[in-house]
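Okay, everyone, thanks for coming. I'll put the structure up on the screen, and then we can walk through it together.

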Amino acid sequence: MSAPFSWIRPDPHGIRILPANAWIDPARPVDRALVTHGHADHARGGHGETIATPATLAIMKLRYATSAGAIPVEYGETVALGGGVSATYIPAGHVLGSAQILLEHAGERVVITGDYKRRADPTCPPFEVTPCDVFITEATFGLPLFTHPPIEEEIAKLLARMGAEPDRCVLVGAYALGKAQRVIAELRQAGHHAPIYLHGAMEKMCHLYEDFGVGLGELRLVADTPKDEMRGAIVVCPPSALGDRWSRRLPDPVTAMASGWMRVRQRARQRGVELPLVISDHADWHELTRTVEEVNPAETWITHGREEALLRWHQLHQRRARALALVGYEDEDD
Ligand SMILES: [Zn+2]
Ligand SMILES: [Zn+2]
């Protein structure tokens, strides 16, 4: 009889499922990839087969302009991978289409979270706690200092600043996949129904969200809009566009950024952000530890992020944990 969990192996470039000859979120092109979600550090192009949710496959098609070998799996659906391994895709609450993957083999259950959060998000279904033996979690914000405030507070700050500056616009830097649409959907929920102006790089992803049933209200392109029309309005752009020439076409923008990293003042200052908004699509420290308690696995494996404090927390709570030395997973703007 083989050792427990010897069928699943963390390699530096991803997690391998040996009997099925498949990988989870591999950092290099492989014959067969199971992909948790569409962010570029998890969803690379060029695989022979890509098994993912329909929304993740649509996002990958938009980004890589090809859908060769795409195999869709709905939430709650179980697929046989061969070699006695099955995979079930379960909502992760991170971005549209994001999934945890439950692998079952020889009576052993392993859950790979991909990136996730526990807060409500109007753009995707919530994370589901799934009992398992081995829980493989991210730890992007795995330090006690990372506590994300309620998003309603951050959205209220944004709307207050907009109202206070009728001659300027508020320019919000937000990750083009997920963060931008979540901020827009939350603004709509808070009763802001005026047009929101977009950097051209976000247009297609916003349309994709709408195709999957996420209403974003009236969106206009900055490129099609006279400068004066954007006074007193909200404009959304990728974080990389915050400081570049493009923003000169805007009326005296107040620079904001929506990111979990805005908790660190120095990061906000470095980027010249006047209005830091602590909005993250990742679990904060309390969500990470609460999730481990709720899932209650025999063992936790930590994929990427700040793993030291989370390892220590496991020791203090008499829980088994190990850090996996995976490379190439970055969530710098999330
Ligand atoms: Zn992600
Ligand atoms: Zn990630």
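Let's go straight to the largest nonpolar core, which has 94 residues. The ones touching the most other members are V170, L171, V172, I234, V235, V236 and A256. If you're wondering which element gives the most to this core, that's helix α1, residues 54-64, with 5 residues. Both domain 1 and domain 2 give residues to the core, so it lies between them. And before I go on, please keep in mind that this is a predicted model.

Let me pick out L171 from that list. Setting aside its neighbours within four places in sequence, L171 is in contact with V235, C237, L242, S247, L250, P253, V254, T255 and A256. Two of those names, V235 and A256, were also in the list I just read out for the core.

Now, the domains. The domain assignment gives domain 1 as 8-145 + 282-323, and domain 2 as 151-277. So how many residues of each are in contact with the other? From domain 1 there are 15, and they meet 16 residues of domain 2. On the domain 1 side of that contact, you have 9 nonpolar, 4 polar and 2 charged residues. As for the centres of the two domains, 29 Å separate them, taken over C-alpha atoms.

Stepping back to the whole chain for a minute. The secondary structure comes to 7 helices and 19 strands. Along its principal axes, the C-alpha trace spans about 70 × 45 × 30 Å. The radius of gyration is 20 Å, and a compact globule with 334 residues would be near 20 Å, so the two agree. Buried residues make up 46% of the chain. And if you take the contacts with a separation of 6 or more, 59% of them are between residues 24 or more positions apart.

Next, have a look at H94, in the loop between β8 (85-91) and β9 (99-105). Is H94 buried or exposed? It's buried, because 28 other C-beta atoms lie within 10 Å, and the cut-off for buried is 20 or more. Not counting residues up to four places away in sequence, H94 touches H37, G114, D115, Y116, K117 and D281. L145 is 51 residues away from H94 along the chain, and their C-alpha atoms are separated by 21 Å.

While we're around there, β8 also pairs with strand β7, residues 78-82, in the antiparallel sense over 4 bridges. G82 has V85 in β8 as its bridge partner. The hairpin has 2 residues between the strands, and G83 there takes a positive phi near 65 degrees.

That brings me to backbone angles. Most residues other than glycine have a negative phi. So which residues here are worth pointing at? One is A65, where phi is positive, near 60 degrees. A65 sits in the loop between α1 and β6 (70-72), and it counts as exposed because it has 8 C-beta neighbours inside 10 Å. Another is D252, which isn't a glycine either and has a positive phi of about 40 degrees. You'll find D252 in the loop between β15 (234-237) and β16 (254-258). With 11 C-beta neighbours inside 10 Å, D252 counts as exposed too.

That's my tour, so let's open it up for discussion.

How values were computed: Residues are numbered from 1 along each chain as its sequence is written. Chains are lettered from A and ligands numbered from 1 in the order in which they are written. This is a predicted model: local features need pLDDT of at least 70, side-chain atom pairs count only at pLDDT 80 or more; totals for chains, interfaces and linings use all residues. Domain bounds come from an automatic or database domain assignment. Two residues are in contact if their C-beta atoms, placed from the backbone, lie within 7 Å. Ala, Val, Leu, Ile, Met, Phe, Trp, Tyr, Cys and Pro count as nonpolar, Asp, Glu, Lys and Arg as charged, and the others, Gly among them, as polar. A residue is buried if 20 or more other C-beta atoms lie within 10 Å of its own, exposed if 12 or fewer, and partly exposed in between; C-beta atoms are placed from the backbone. A nonpolar core is a set of buried Ala, Val, Leu, Ile, Met, Phe, Trp, Tyr and Cys residues joined through C-beta atoms within 7 Å. The radius of gyration is taken over C-alpha atoms; the globule rule is 2.2 Å times the number of residues to the power 0.38. Two strands pair if DSSP finds at least two bridges between them.
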